[in-house]
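Dear colleague,

I am handing over the structure we spoke about, and below it you will find what turned up in it. Please keep it open while you read.

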Amino acid sequence: MICATTGHDGALPGAPGWHDAESMEASASEFGTEQGDLLSRGYGAVLWEPDDKTVRHARVTRFMSWLAARGKPRFGGYEELWQWSVTRPGEFWAAVWDYFEVLGDRGTGPALAGDVMPDVRWFDGATLNYARNALRTAWTDPDRTAIIFDSERGRAGSLSYAQLAAEVARVARGLRSLGVRRGDRVAALLPNVPEAVVGLLATASLGAIWSSCSPEFGASSVIDRFVQIEPKVLIACDGYGYGGKEFSRAEMLDEVMTALPGPPKVVMVDLLGGSGSSPSARRWEDLGRGVPGGLKGPSPRGWQSTEAGGDAREPEFEEVPFAHPLWVVYSSGTTGLPKPIMHGHGGIVLEHLKALSFHQDLKPGDVFTWYTTTGWMMWNYLAGGLLAGLTIVLYDGSATYPATDRLWRLAAEHAVNYLGVGAPYLVACMKAGLRPGEEADLSALRAIGSTGSPLPPEAFGWVYESVKRDLLLGSFSGGTDVCTGFVGPCPLLPIRAGIISGRCLGAEVEAYDEDGKSVVGQVGELVITQPMPSMPVGFWDDPGGVRYRESYFDTYPGVWRHGDWIEILPDGGCIIYGRSDATLNRGGVRMGTSEFYRVVESFDELADSLVVDTGRLGAEGRLILYVVPAAGAELDDDLKNRIRAALRAQLSPRHVPDEIHQVPGIPRTLSGKKLEVPVRKILLGTAPGVAADPNALADPDVLRYFGRFQGQGGADPSRLHKVAILSQ
């Protein structure tokens, strides 16, 4: 473990909230006794270690120095700081508030009240506003770039913090004129464009509640989400561009409006041009016009909505309680309506400041992006970069158009310091043989973030071999439920192949065995045993919190069960093995699906895969592997034999599939997660439409294809048709 010790002087003076560093020294890391076994499985090779300068200047180091100067313990390294953060959570989160000088009134109550989750309260009596904190740089450094936006279609430009604040003020006035008040909902059907961020901040500034969906969602998916919250205003676009094509959403919008109660008032953002909209719809660029306080001054570069006359005004902010709902995000559940998860203003402000600053080591003015859509919680997290004074980059389009290297080119074009992507993108780049470090100017790039699914060890190695040797590769695992990662990187810790560096500050993550006891060095259920402020403040329209409790606290009362398999290593590193409800149990040996996919998807001939164990309690079933060949490849006997041999050698003889079949595609949720459990249900007799809600799927036809296997507990190879490979 990399350790650090603080010096004896106080923190040096600096701008509010951004404190300078103490001198710190790093010691060599020592691995636990499991290291030999990990290395034999391809895990654990050290790929990067922080040098003295990195440790000394890390923002988490500065935080430890700041704590010591104020009478808190003098921590000897990250592990000691983490231990304090989870044993004294109230003190830790109060320190985070004070360190970042959060704008608001902390009140006189305790930081944490209550003993048993979920019946705890954070910062009773405190008031603040997310938007006010996100826009604070507009007053301290107004010319700093807040947003860079880019797209496939060439719509690009930037907004300074001052320009962003002016836009937020204008849109907030417009929303207020449409009747939006504290507690009302504003929904958005927008791609990853600046109007979405402006809409979020304007909504939050009023104390109203934001919710967004990406426009590629089907009408039913949008309706299932927005009908639950009954928005007063819907901000929508006429269409979007993706993969070199344009897609009108006019018909889909009509269907959504017909289904929503009210109906809501509509504000249209014109992205395609000339598509037309309902005569009753307001134009985005007209919001706030005719309302006292219109904007004046030059238009931001690439931006067309700023008014040319009137008096410029600053945004006004409704101060709200710490737990007042900021937004509603939705789970990727595959049955029933998506869970409408509410997060509070205060919890998100504290969590995102902590994660961005202490785990990603981002500093004010750094350029930060994460490839995402507005329908994934990583968009909300990306917007949180404004809380830390960052420049955030919004990209609207495909990550692989016109070529797989598009995001590396984006990072080069905008001098990105931190590039966040889904783990499958890094794997795709590796399999495509890309060498971004040689093909693009990534001199500004200091770190890469990966999330969405476990990143295999080979992809870790590829990043350091083909992208850049001196960077922090941060593999995160977390979820929409907490809108952050609870295990992830830290600049004080080494990067090892296939291993997440450690548990995040304030997140007491443990692995529980079958008896509900905490274990180290073996795979168990991922649980969180202490509250985090970014845990949901509840679900929308859930009287008494019944659905919320059932979702997370039924299995272990008072303990959050997340639904993943995790192994916590003796030195604090973590390995995620996939969903605990999709376990492979062969001859009593349990294994997460991520290990299986790592072996199978290492074959260049395979584009995607899904594995299902049809076993039930007391009866071993069949292990069935479905594969999607890469372009130009076919699943023949030779490839099947090589797959079986690799699984036998790298996992165990028990994990050799009973059947291997070629399929046209792998069913996934809208957020890209594989659907092992619904496919297993189909194999055991459930109809596809019952096994998973088609509206929750990226492509319902792919799951319907598996209906031919219904009730078979497997498939008759003779019934499988040869089909064209669906685009991924």
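**Cysteines, a helix and two cores**

The sulfur of Cys-504 lies 8.6 Å from the closest cysteine sulfur, which belongs to Cys-574, and that is too far for a bond. Cys-574 is likewise in no disulfide, a term that stands for a pair of cysteine sulfur atoms within 2.5 Å, and a search of the whole structure finds 0 of them. Cys-504 counts as buried at 1% relative accessibility, and Cys-574 is buried at 0%; buried means under 20% relative accessible area, with a 1.4 Å probe and protein chains only.

Please bear in mind that this is a predicted model, in which local features need pLDDT of at least 70 and side-chain atom pairs count only at pLDDT 80 or more, while totals for chains, interfaces and linings use all residues. Residues are numbered from 1 along each chain as its sequence is written, and side-chain values use heavy atoms, leaving out hydrogens and water.

Helix α17 (residues 457-467) is largely enclosed by the rest of the structure, because 8 of its 11 residues are buried, including Phe-460, Trp-462 and Tyr-464. Helices here are DSSP runs of H or I, at least four residues long, numbered from the N terminus.

The largest nonpolar core (buried Ala, Val, Leu, Ile, Met, Phe, Trp, Tyr and Cys residues joined through side-chain atoms within 4.5 Å) has 161 residues, and Ile-235 is one of those that touch the most other members. Apart from this core lies another, of 37 residues, among them Val-611 and Ile-682.

Best wishes

Note on methods. Buried < 20%, exposed > 50% of the residue type's maximum accessible area, 1.4 Å probe, protein only. Helix = DSSP H or I, 4+ residues; strand = E, 2+ residues; numbered from the N terminus.
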